[in-house]
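Thanks for coming. I will talk about charged side chains and how they pair up. Please look at the structure on the screen.

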Amino acid sequence: MKLKDIMSQNVIKIHPQESVAVAARLLANHNIGVLPVCGSDGKLCGVVTDRDLVTRCMATNRSPEQTRVQDVMTGRIVSASPNMDVAVAAYLMGREQVRRLPVIDDGKLCGMVSVGDLAGREESSYDAAEALEGICSNLSQK
């Protein structure tokens with residue numbers, strides 16, 4: 001099974017120049033924990049998580065209205081292609097300790113896959129368990 005078969009295609013994303021306050025509202029309104037950050041050309045330039053907002057903005061007493069997403073986002077992107085096998089993606093997620101993978105096609109964001117997406121499919125639930133095990137075991141070693 002390929003990621004294109006299970007990925008979410010309607011991805012909520014944000015521009016790097018938007019404020020952290022806008023990012024926080026999007027995360028809350030859509031009940032999600034990560035936003036892909038895409039430039040005007042549609043290319044992925046980072047991701048911003050609820051944790052990024054707290055640790056890089058709120059905890060440092062920066063104003064959410066004045067701070068730009070590009071100033072708090074995670075620029076190191078772990079991503080996948082739509083044709084990547086689900087088992088390979090699960091391994092990648094475990095190794096890199098990420099619960100969500102942006103899916104990139106021709107340099108542009110085309111979807112997102114989460115551990116929950118893996119677990120929601122009977123044929124890939126084992127892969128999801130392996131990914132979570134990898135994430136948890138890597139975290140406990142730190």
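Let me start with Arg76, which counts as exposed because its relative accessibility is 57%, and the cut-off for exposed is over 50%. Keep in mind that this is a predicted model.

What does Arg76 form with Glu96? The two residues form a salt bridge, and their closest N and O atoms are 2.6 Å apart. This pair links distant parts of the chain, with the two positions 20 residues apart in numbering terms: they are 20 residues apart. Arg76 sits in the loop between H2 and helix H3, which covers 86-96, while Glu96 belongs to helix H3 itself.

Glu96 has another partner. Arg95 forms a salt bridge with Glu96, with 3.1 Å between the closest N and O atoms. Arg95 counts as partly exposed, because its relative accessibility is 45%. Which residues are joined into one network by salt bridges that share partners? They are Arg76, Arg95 and Glu96.

Now to helix H2, residues 50-56. Here Asp52 forms a salt bridge with Arg56, and the closest N and O atoms are 3.4 Å apart. Both residues lie in that helix, 4 residues apart, which is about one turn of the helix.

Is Asp52 buried or exposed? Asp52 counts as buried, because its relative accessibility is 5% and the cut-off for buried is under 20%. Its partner Arg56 counts as partly exposed, at 34% relative accessibility.

As for the total, the count comes to 3 salt bridges in this model. In general, side chains of opposite charge can pair when their charged atoms come close.

Key: Residues are numbered from 1 along each chain as its sequence is written. This is a predicted model: local features need pLDDT of at least 70, side-chain atom pairs count only at pLDDT 80 or more; totals for chains, interfaces and linings use all residues. Side-chain values use heavy atoms; hydrogens and water are left out. A salt bridge is a side-chain nitrogen of Lys or Arg within 4 Å of a carboxyl oxygen of Asp or Glu. Buried means under 20% relative accessible area, exposed over 50%, partly exposed in between (1.4 Å probe, protein chains only).
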